[in-house]
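Visitor: I should like a close look at the pairing of strands in one part of this model, followed from strand to strand. Please then carry the account on to the helices and sheets elsewhere in the chain.

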Amino acid sequence: MPRAGSVTRLPAGFAGVDPPSVWAPTRTTPRPEALRASVETLSGVGPAVRAKLAGLGLATVGDVLAHRPRRYEAPAPRRTISELFGEDEAVIEVRVTRASGRRRGRLHVLTATVRDDTGEIRATWFNQPWLEPKLVPGARLRLRGRQNRYGFAVDSYDVDPAGDGDTSDYAPVYPATEELAQKQLRSVASAALAYAGAGGDPLPATVRAREGLPLRGDALVAVHRPRTPTEAEAARRRLALDELLVLQLALRRRSSERESLVAAALPPPGPLVARYRAVLPFSLTNAQERAIAEIDGDLVRTSPMQRLLQGDVGAGKTAVALYALLRAVEAGRQGALMAPTETLAEQHFLTIEGVCATLGVGVALLTSSLPAREHERARQLIASGDVDIALGTHALIQRDVAFADLAVAVVDEQHRFGVEQRSALAGGTSPHVLHMTATPIPRTLALTVYGGLDVSEISAPPAGRRPVITAWVTDDRSSEAYQRLRRHLDEGRQAYVVCPLIEESETTVARAAEAEAERLRAAELDGYRVGCLHGRLKPADRREIMARFNEREIDVLVATTVIEVGVDVPNATIMIVQEADRFGLAQLHQLRGRVGRGADQSYCLLVSRPREQLTESAVERLEAMVETADGFELAERDLEIRGEGQLLGARQAGLSDLRFTRLRTDRDLLERAQGIAQGLGDEGLLDVLVDRVLGDSAHVGES
């Protein structure tokens, strides 16, 4: 009992008199910092697995949660060994009798004789040597796969199976790499699901209730571990709606910022661009003329042009870009072209320097690797206005580079630059900007992601060009590919051989350009002139090699993807891509675009390991390359294989990658996202949500 006259003090905290200085977090309190944690915080992820995950762009726990399954395993019937029929997919439960692994060249083959009560069969795994210690006699396995002439080809497996696992119906199938098997990815994703709710939910409860949406954390669990296809799709759509809403918020913010910008209107086209048209060795196509008309319409306005010029490989975008730059020069002002690599910037310089010299237009090249004296001279010429058009790389946007009067800027391969880099070229002057890409982006995606950008397309190549014929051969038939290449050389043509690496590495078996060039000089291409080009060469050496190839002093150019864009040698009519399964689909299409630039029929030969050793997505990429040469169709296929967000190359500042969105089928979600954004604006909640979502990307799939 308290003494008379005393005051009873209740404890601080809930229902108390004095609130605590810091409230203890509850179980459901958002912990976005958990999503920013390294993948090494997850069970089973050490330095080796972390490095493999980095190859998929997965560095944090949030990245893993945002790694959407590309599909789910369809229900497969349970069979006994005696019931296996043809190549139908099936699940068998067996015990190991014996097992052994062996090396076959660069391939590790693991075979196990397994049996059940009805019979015995030999099961095979490729490149999974870590499994061998588990395949002891008597070990219980559940295997999912298909019978073939060698036995049973295993797609997935569970050791000592109990309940759901990798062989279960609707098990997720993730975008993977050769070094990272599905089983490892599923294990990492399962560990990450413990943090599915850590990011909280960016949407107000009123919006979730009105739209009938599940919690974001519940949707993340369902998309990785669905019980039915319907549940997986509902979860994906909730997460896709988040992404599209973030896009709408970011585009609204960007649009409001752009409204305050003003650019000087340029006068109508005059005699300089007329002379440019006259000196071109070809007539512009209808698609090029249409793009030029759209650019002319932009340049007469006082609001800065923001146009995306996209087209297939070899469609003639550079001719249109140079037209836009000459419009600035004709008005007594400057133009700039920024490329993502020094090789591409140098190639542009070599391409347009001759035309500009004929027109009396001064051109300068500025890259970070120029000698100090040349770099300083180029910088001074740009600042004084003595150069009409400047070409370069990121060096053009360094602080010590200032344009005297920049009116038109062209950003080539613009999807490789972040938003800030593209804006930095403009500085504070608000020039007209033409964004140019040779990696076609489906129009729906371009309009959605680039928002305020107008889109021009050049879909048809110049007249007289034939589609490149593409074939896929396995490396045991590569000698046939070189026989065909030698026939082209003997007819006076030139060729490319593309390799995935520059030099031999102890950590990979990928073919290296330098070693391959040496090998070819002594073997298949003995007697021919073989050059080697890669990104580590000094700029002067790169320019010399390209000049020699242009002058036909080199027969075969062995190169890395440094030739992916910007290289234009019409006499090169055949390309061999070694280990083609290691390249992305857009990259393969860009490489193929280096041939077929003249009137002669050209060929692209894709060489890979045997089909059964490739990942599912690698097979799909190679098949797509053989089936079509249309860049826009391949872009759609790339969407299906890789997902929308990765097509953009560089991540957009303030925008989440599109990991869960399927823009070709999610138009209704896009409209819902636009409606939600509009409603939040009407309710005065838009700025709050913008700050919450764009200020903390943990809510929208950590990137």
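Guide: In this predicted model, strand β4 is joined by two bridges to strand β6 (residues 151-159), and the two run parallel. One residue pair locates this contact: T124 has A153 of β6 as its bridge partner.

β4 also pairs with β3. Strand β3 (residues 107-116) and strand β4 (residues 119-126) are antiparallel and are joined by eight bridges. Within this pairing, A112 stands opposite A123 of β4. The two strands form a hairpin, with two residues between them.

From β6 one may pass to β5. Strand β5 (residues 140-148) pairs with β6 through eight bridges, in the antiparallel sense. Here R144 has S156 of β6 as its bridge partner.

These pairings belong to one closed barrel of five strands, which runs β2-β3-β4-β6-β5 and has mixed pairing. On average, neighbouring strands of this sheet are turned by 50 degrees against each other, direction ignored.

A second sheet offers a useful contrast. It is open and consists of six strands in the order β15-β20-β19-β16-β18-β17, with parallel pairing. Its edge strands, β15 (469-474) and β17 (530-533), each pair on one side only. Neighbouring strands of this sheet are turned by 20 degrees against each other on average, again with direction ignored.

Inside the open sheet, strand β19 (residues 572-577) runs parallel to strand β20 (residues 603-608), and four bridges join them. V577 stands opposite L606 of β20 in this pairing. Two helices may be placed against the strands. Helix α15 (residues 478-490) lies across β15, β16 (494-498), β18 (556-559), β19 and β20, and runs at about 165 degrees to β19. Helix α16 (residues 513-522) packs on the sheet as well, touching β16, β17 and β18, and its direction makes about 180 degrees with that of β17.

A further helix, α12, can be examined residue by residue. Helix α12 comprises 13 residues (372-384), which at 1.5 Å a residue should span 18 Å; its end C-alpha atoms are 18 Å apart, so the expected and computed spans agree. Its buried residues are H375, A378 and I382. Because these residues cover an arc of only 70 degrees around the axis, they lie on the same side of α12. The general rule is that an α-helix has 3.6 residues a turn, so residues three or four places apart point the same way. On the other side of α12, the residues A372, R373 and R377 are exposed. The cover over the buried residues of α12 includes strands β9 (334-338), β10 (363-366) and β11 (389-392). After α12 comes G385, which has a positive phi, near 85 degrees.

Further along, I397 lies in the loop between β11 and β12 (406-412). Since buried means under 20% relative accessible area, I397, at 19% relative accessibility, counts as buried. The C-alpha atoms of I397 and M338 are separated by 8.9 Å, although these residues are 59 residues apart along the chain.

Methods: Residues numbered from 1 in each chain as written. Predicted model: local features only at pLDDT ≥ 70, side-chain atom pairs only at ≥ 80, totals over all residues. Heavy atoms only, no water. Expected span 1.5 Å × (residues − 1). Buried < 20%, exposed > 50% of the residue type's maximum accessible area, 1.4 Å probe, protein only. Arc of directions from axis to C-beta. Contact = heavy atoms within 4.5 Å. Pairing = 2+ DSSP bridges. Axes fitted to C-alpha atoms, helices over the stretch in contact; angles between N-to-C directions.
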